Amino acid sequence: MIDKSYDIIKAEALEKTYEDNGVPVKALRGVDLEIKKGEFLSIVGPSGSGKTTLLNIISGLDDPSKGEVYLNNKLISSMSGRELSDFRRDNIGFIFQSHNLIPVLSVEENIEYIMLLQRVPKEERHKRVENILRDVGLEGFADRFPTQLSGGQQQRVAIARAMVSRPALILADEPTASLDSKTGSELLDIMRSLNEKRDMTFIFSTHDKLVMDKARRLIVLKDGQIESDEVKK
Amino acid sequence: MVILKIAFRNIFRQKRRTLLTALTMFGGFTLAAISIGWSEGTYSYTIDMFTRNQMGHIQIHGKGYLDKPTLYNTIYNYRQIGENISHLENLEAWCPRLYSSGLASVSEKSAGVRIIGIDPVLENSATRFEKKIIEGKTFSNKTSHEVILGSGLMEILEAGIGDSVVVVSQAADGSIANDIYEITGIVESGDDFSDRSSFYLHIANAQELFVLDQRVHEIAIIAEELRDVEGLVRSIRSEIGSPDVSIQPWKEFAKQFYVAMQADKQGGWIMIFIIILIVAVGVLNTVLMTVLERIREYGVLRALGTRPAQIFRMILIETNFIAAGSILVGLIASTIINYLLSINGISIGESITYGGVQFTKMYSEVNAMSLYVPAITVVITTSLVSIFPAIKAARTSPSKAMRIH
């Protein structure tokens, strides 16, 4: 048996089959994966290779058809809906491909949303929001609403929201897709610095070469299976 | 707190849809409030007219009189009783009555009559007796040997004002009671059946005719308000405290009328049920539409760690915010409408008779029930129909929801 205490994620023999108009489609075919705390890795592969499905399953957003996932040594399938919600709230930050900000909340409120659920004291919340807004270059935007921001600015808010509660793991699905290369590079540098300073684990699903270059580990998925798993030097 | 904030702000996202939902709730509330106010007002008015015009709100009889009315079961010290209770709070008026039956004749025409001995002054203060006299006048004094007949009886006897009428009956001492009286007035109470037999005598004449000196069969009491009746009954019982008399509110001595009114009242709830259905369908439709439209958003909230129960609460809070606003506006509108209808009433065209009382207008009523019943109904209906969409939203699978564009 492998000692799971060193792994923030351990996935064993993951399989996922979808029904597409009654036809079973295999999105994952026996994926085994171990991700150590503090890793900065990219999962790459062509469309339909199973990247988003893998991210969804290892974060507990979706259930595998077969196999098990351990997150911080906890078996996801053993958690109730409420436990899983609390676990995600306290341990995982999400950066979605299409921002997914809450339209009725301001930038500041969107960023502090998870901290509000965690009941972080007001002063601490404001301090952290102020700092993260400076880090992502959105000082002075706190009171704006998502519809008043460009796509790039919205993605910065989404990144800030994912990082501000200081989760152990950040999952990012195509985080630079709607950003220009300069902004994308800046944000990746911020994420990498957080990874180094705070030992936060980052997992990207991407097509972006920039992200692949910055990653320290590269997992290539093809047809629902890991084709290669390379740790850069 | 953040859930409350999102729920509140969500109200203003689709203003037209919110307005539509609010209008459904407002319409339901206002219709229900007016319906209840109208029904309560009509019943209160009918009961008040029925009791004030004829029977009184409370009656005092000799024990067992109502079960078996006889000439001999009388109240002796009625003046003393009247004086003792007249100071009681919420008592507006009281009047004594003596009842018997007999045969009345004018020339060759005869009819069975119900003889009612009344004190004209006390009767007038209690049941507005003089207002019922459609022709002629009331009694001039207690020794005048005058009679006032019901309009139907006048027709049967083919009599007119000033004619003499002979009445024959049996007195309390076993003798034949007979006398001759001059017709001085015609009464129309609105109750045709009663008007075909009413034979009103001055109470002194009636006591003399039936050899019932200082005795009566009934003391009718009028309360200031219908709602004071139960309390007044208790006060009278403690004031009189005699086991020889029974003191009953109108619900007991006019039980059939009360039961009929209650049964009629139940019909009003059908209207409320229809209103609930309209509100339920309207609210369910818009809430379900909203939830389906925001399913991706709920998926994101779930992914961020929002508990299913928090999303469930968010939807219920949002719909109840709209309900609260609608109820507030409905409260103002329905109170104004009910108030105007309670002052001006609505003319019902041709008059109708209910419980022996004629009505030409009906009135609404402003009361707490017409406000809290619709308010509770709207809140409960809204919450109940929101449960299904709220469960749907709370159970949203984040991964599936975020695939929806």
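This tour moves through a predicted model, from a sheet in chain A to a helix in chain B, then to the contact between the chains and to two loop residues.

**The sheet of chain A**

Begin by selecting the strands β6, β7, β8, β3, β9 and β10 of chain A, which in that order form an open sheet of six strands with mixed pairing. At the edges you will find β6 (92-95) and β10 (225-231) of chain A, and because each of them has a single partner strand, one side of each is left without a neighbour in the sheet. If you look from one strand to the next, the twist averages 15 degrees.

Next, select strand β9 (residues 217-222) of chain A together with β10(A); these two strands run antiparallel, and six bridges join them. As a place to rest your eye, find A:R217, which stands opposite A:V231 in β10(A). In general, the strands of a sheet pair through backbone hydrogen bonds, either parallel or antiparallel.

Now add helix α1 (residues 51-58) of chain A, which lies across β3 (40-44), β7 (169-173), β8 (201-206) and β9 of chain A, and which runs at about 150 degrees to β8(A).

**A helix of chain B**

Move to chain B and select its helix α1 (residues 2-10), then ask which of its residues are buried. They are B:I3, B:I6 and B:N10, and since they cover an arc of only 65 degrees around the axis, they are on the same side of α1(B). An α-helix has 3.6 residues a turn, so residues three or four places apart point the same way. To see what these buried residues of α1(B) pack against, select α13 (308-344) of chain B.

**Where the chains touch**

Show both chains together, and look for the 18 residues of chain B that are in contact with 19 residues of chain A. On the chain B side, the elements that give two or more residues are α1, α12 (295-303) and α15 (398-401) of chain B. If you colour that side by residue kind, it divides into nine nonpolar, four polar and five charged residues.

**Two loop residues of chain B**

Finally, select B:S107, in the loop between β2 (91-106) and β3 (109-118) of chain B, where phi is near 50 degrees, a positive value in a residue other than glycine. B:S107 is exposed, with 12 other C-beta atoms within 10 Å.

Then go to B:R128, in the loop between α4 (120-127) and β4 (133-136) of chain B, which has a positive phi of about 50 degrees although it is not a glycine. Is B:R128 buried or partly exposed? With 13 C-beta neighbours inside 10 Å, B:R128 counts as partly exposed.

How values were computed. Residues are numbered from 1 along each chain as its sequence is written. Chains are lettered from A and ligands numbered from 1 in the order in which they are written. This is a predicted model: local features need pLDDT of at least 70, side-chain atom pairs count only at pLDDT 80 or more; totals for chains, interfaces and linings use all residues. Two strands pair if DSSP finds at least two bridges between them. Helices (H or I, at least four residues) and strands (E, at least two) are DSSP runs, numbered from the N terminus. Axes are lines fitted to C-alpha atoms, for helices over the stretch in contact, and angles run from 0 to 180 degrees between N-to-C directions. Two residues are in contact if their C-beta atoms, placed from the backbone, lie within 7 Å. A residue is buried if 20 or more other C-beta atoms lie within 10 Å of its own, exposed if 12 or fewer, and partly exposed in between; C-beta atoms are placed from the backbone. The arc is that of the directions from the helix axis to the C-beta atoms. Ala, Val, Leu, Ile, Met, Phe, Trp, Tyr, Cys and Pro count as nonpolar, Asp, Glu, Lys and Arg as charged, and the others, Gly among them, as polar.
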